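Student: Hey, got a minute to walk me through this one? I've never looked at it before.

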Amino acid sequence: MRELHLLTREGHLNADALRKLKQVNHLMGLMRPAVEDVKARHPESAVFVDAGSGNAYLGFVLYELFLKDAAGGTLLSVEGRPELTERAKGRAERLGFSRMSFQTAHIDQAAYPERIHLLMALHACDTATDDALIAAIRHGADHVAVVPCCQAEVAAQLKEQRAAGKGSMGLLYAHPWHRREFGSHLTNVVRALTLEAFGYQVTVTELTGWEHSLKNELILGRRVHRDNRRARVQLERLLAETGVNPKLTRELGVKPAASGATELPAEPVAEAPVEEAPVPSEG
Ligand SMILES: C[S@@+](CC[C@H](N)C(=O)[O-])C[C@H]1O[C@@H](n2cnc3c(N)ncnc32)[C@H](O)[C@@H]1O
């Protein structure tokens, strides 16, 4: 923690550090089953990716807890700001975390390993969370864990919908504040449903108490099917009915449903054991 400057010279945690540490600790706890699953299946070749890693706190904690003493496994941090990449690189060298690597790149342009086993993104801004999910889906990630940040794209699309004179559902987002909140909610609904459409079993839960972060929604996905036709049709209908089409669905080629009802395909049969949803913390 000293190396990460989370502890002051006197050995105390400052308030920002404490907040960040709580988020990272909670996330680590909720991701533990996924990390252990990856390690069990790929003990020497596990590939973890942290997208929009910032100071890479999440990566350092994951490496310390799960990779430092393991037989193998690598962790790639992708970050757009070169000064943060350089600083994190120096820290990893000093800590001897030799299987951590760092790339300065946009999440949608980074050079990823062909196969990712777990991709995580903690508060990757706006559509950067979409870019992280696209990378996960394209590289067949077994597990994903994203905690989205602020979101603006869908709110702007909702504004256009309103201008186009949609029905009374438009009242849900007539005011800019409601549009921001509803846009953010709808974005995350689309994210969860997109993961399902691409074969993931999804859990949406609270990361930590609101006092630690307002951006507090955790979307966990575990790949259990090649794809899920039912979720795909539901997603296409949702896009058509709300009139939005965020970067995530555009890039993955998901189109709003054409008018005329398509029958909803049956629920796919689970191919992997269903995990219990984490219980949200109180307050
Ligand atoms: C709010 S910070 C979170 C950092 C870290 N994940 C954490 O929780 O401590 C978001 C980080 O994502 C980076 N970022 C945002 N959009 C990005 C993109 N498209 N490509 C790469 N990095 C991006 C920013 O530079 C910033 O460091």
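**Around the ligand**

Tutor: Sure. Keep in mind that this is a predicted model. There are 15 residues around the ligand, and Lys20, Gly52, Glu79, Ile107 and Leu122 come nearest.

Student: What's the mix of nonpolar, polar and charged residues in that shell?

Tutor: The shell around the ligand has six nonpolar, six polar and three charged residues.

Student: OK, and which atom of the ligand does glutamate 79 get close to with its polar side-chain atom?

Tutor: An oxygen atom of the ligand, which lies 2.6 Å from a polar side-chain atom of glutamate 79.

Student: What about glycine 52 and the ligand?

Tutor: There the backbone is involved: an N or O atom of the glycine 52 backbone is 2.9 Å from a ligand nitrogen. Isoleucine 107 also has a polar backbone atom 2.9 Å from a nitrogen atom of the ligand.

Student: How much of the ligand's accessible area does the protein cover?

Tutor: On its own the ligand has 600 Å² of accessible area, and the protein covers 80% of that.

Student: Switching topic: where does the ligand sit?

Tutor: In the largest pocket. That pocket holds about 520 Å³ of space. It is lined by 25 residues, and Gly52, Ser53, Gly54, Glu79 and His123 are the closest to its centre.

Student: Which helices and strands supply at least two residues of that lining?

Tutor: Helix 1 (15-41), helix 2 (57-67), strand 2 (74-79) and helix 4 (128-138) each do.

Student: And how does the pocket lining divide by residue type?

Tutor: The lining of the largest pocket has 12 nonpolar, seven polar and six charged residues.

Note on methods
Residues numbered from 1 in each chain as written. Predicted model: local features only at pLDDT ≥ 70, side-chain atom pairs only at ≥ 80, totals over all residues. Heavy atoms only, no water. Near = heavy atom within 4 Å. Polar contact = N/O pair within 3.5 Å; in protein donor to acceptor, adjacent residues only side chain to side chain. Areas by Shrake-Rupley, 256 points an atom, 1.4 Å probe, with all protein chains shown as cover. 1 Å grid on protein atoms, 1.4 Å probe; cavity = no way out; pocket = protein on both sides within 12 Å on 5 of 7 lines; lining within 4 Å. Sits in = over half its atoms within 2 Å of the grid points. Nonpolar A, V, L, I, M, F, W, Y, C, P; charged D, E, K, R; others polar. Points joined across faces, edges and corners; volume = space filled by probe spheres on them. Helix = DSSP H or I, 4+ residues; strand = E, 2+ residues; numbered from the N terminus.
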